[in-house]
Amino acid sequence: MLKDILILGIESSCDETAAAVVRNGREVLSNIISSQVPLHTIYGGVVPEIASRKHVEKVIPVIREALQEAGVTLQDIDAVAVTYGPGLVGALLVGVSAAKGLAYAAKKPLVGVHHIEGHVAANYLEHPDLTPPFGCLVVSGGHTHLVEVEDYGKFSMIGRTRDDAAGEAFDKVARAIGLGYPGGPKIDRKAKEGNPLAIPFPKASVDGAFYDFSFSGLKSAVLNYLNHAKMQGLSVNDADLAASFQKAVVDVLTEKSAALIRERGYRRFAAAGGVASNSALRESLKTACEKEGAAFYAPSPIFCTDNAAMIACAGYYEYIAGARADLALNAVPNLKLGER
Ligand code: KG4
Ligand code: ZN
């Protein structure tokens, strides 16, 4: 019987301070998330300086709670894994500094984790049968990627957004119709009351790069629709608008995912990132995967949005592959996927 490997994960790249303990990469022993959403809501978005200060306040209590809930001490931990990019530099630095301090004090190995690698790894937490290779749609506040997960921590990029990320489009449209921040979950809820066929918004594609995405045209179309209605003195049905906008995003994401599954013959396809918690997207991808004969995977919503269990999971696979960071580990705000 092999010894269990316990990883302490730490995440602070944006507006959640999170820590988690995961056993053998797949079993979540604790998953503590301190969300700053109420703090940023009044500003309509994340204020980086406020985020950093709040992370400083929360990071140690959150780590302590994660260890406590898992019923372990720092000495029981095999390695500390931390998100070191991409993200807000001041926010990342808090998690990285805390992880370095703990690793140094407890004489534990340190592993740097790419945030997006974490989002993809969230799928392993609840799906023991899921192993690479598989295709994956990563949709978060800052990223929209179609990737092939060749192996743990090894990706090949197939498509990416040329402008706004899917989550960013959700957030901007929500703000425009006065739903506030964070926009994604609010549009998701509002859309349930609306008619997705009410307003035919454009489904943008990128010339010559089928698997790339572009959401800025769709965002402008929504803003134009709102301005036009305002100038004409017409009332706007927010629920219809939310449902129609969401359908435009979901249709594009699904069409390209389905085409990729068909082209590459994937038997397994996963979704990852905050937008993967969108109910319409999950339903649509599930149906498309069934049609293409691929099994569909998505993390539970709590593991889709930022959390540290996904970082501990990705960190585990990095750790067993021999990856180690030293105390020179720094925050890399624009870290590319696959870079070390
Ligand atoms: O992955 P995540 O928590 O943070 C980043 O790494 O960016 O993603 C946050 C994004 C935000 O843009 C948020 O509006 C979006 O995910 N989001 C959603 C939903 N829940 C979160 N978008 C659509 N529908 C949702 N239910
Ligand atoms: Zn994220």
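Domain bounds here come from an automatic or database domain assignment. This is a predicted model, in which local features need pLDDT of at least 70 and side-chain atom pairs count only at pLDDT 80 or more, while totals for chains, interfaces and linings use all residues. Residues are numbered from 1 along each chain as its sequence is written, chains are lettered from A and ligands numbered from 1 in the order in which they are written, and side-chain values use heavy atoms, with hydrogens and water left out.

**View 1. Two domains and the interface between them.** The assignment splits the protein chain into domain 1 (6-122 + 304-320) and domain 2 (131-298). Their centres, taken over C-alpha atoms, are 27 Å apart. Contact (heavy atoms within 4.5 Å) joins 17 residues of domain 1 to 20 residues of domain 2. The two domains bury about 1,400 Å² between them, with carbon and sulfur atoms giving 73% of that area; buried area is the accessible area (1.4 Å probe) that two parts lose on being put together, summed over both. I116, V120 and C304 supply 38% of the area that domain 1 buries against domain 2, more than any other three residues.

**View 2. Polar links and helices at the interface.** Look for salt bridges between domain 1 and domain 2 and the count is zero; the term stands for a side-chain nitrogen of Lys or Arg within 4 Å of a carboxyl oxygen of Asp or Glu. Four residue pairs between the domains are in polar contact, both residues at pLDDT 80 or more. A polar contact is a pair of N or O atoms within 3.5 Å; within protein, one must be able to donate a hydrogen and the other to accept it, and residues adjacent in sequence count only if both atoms are side-chain atoms. On the side of domain 1 that touches domain 2, the elements giving two or more residues are α1 (37-41), α4 and α11 (309-320). Of these, α4 gives the most, with four residues. Helices (H or I, at least four residues) and strands (E, at least two) are DSSP runs, numbered from the N terminus.

**View 3. A close look at N123.** This residue sits in helix α4 (residues 115-126). Why is N123 counted as buried? Its relative accessibility is 0%, and buried means under 20% relative accessible area, exposed over 50%, partly exposed in between (1.4 Å probe, protein chains only). The N123 side chain reaches the backbone oxygen of A271 at 3.0 Å. Beyond neighbours within four places in sequence, N123 is in contact with residues including L130, A270, Y297 and P299.

**View 4. Helix α3 and its packing.** Among the buried residues of α3 are L92, V96, A99 and A103. The buried residues of this helix pack against β1 (6-11), α2 (48-70), β4 (79-85) and β5 (110-114). Just after α3, K107 takes a positive phi of about 55°.

**View 5. Salt bridges across the chain.** The structure holds 18 salt bridges. One of them joins the side chains of D78 and K3 (2.9 Å, N to O). D78, in the loop between α2 and β4, and K3, in the segment before β1, are 75 residues apart. D78 is buried at 16% relative accessible area, whereas K3 is exposed at 60%. In another pair, D164 meets K219, with the closest N and O atoms 3.0 Å apart. D164 lies in the loop between β8 and α5, and K219 in helix α7, 55 residues along the chain. Both D164 and K219 are buried, and a network of salt bridges links them with E168 and K172.
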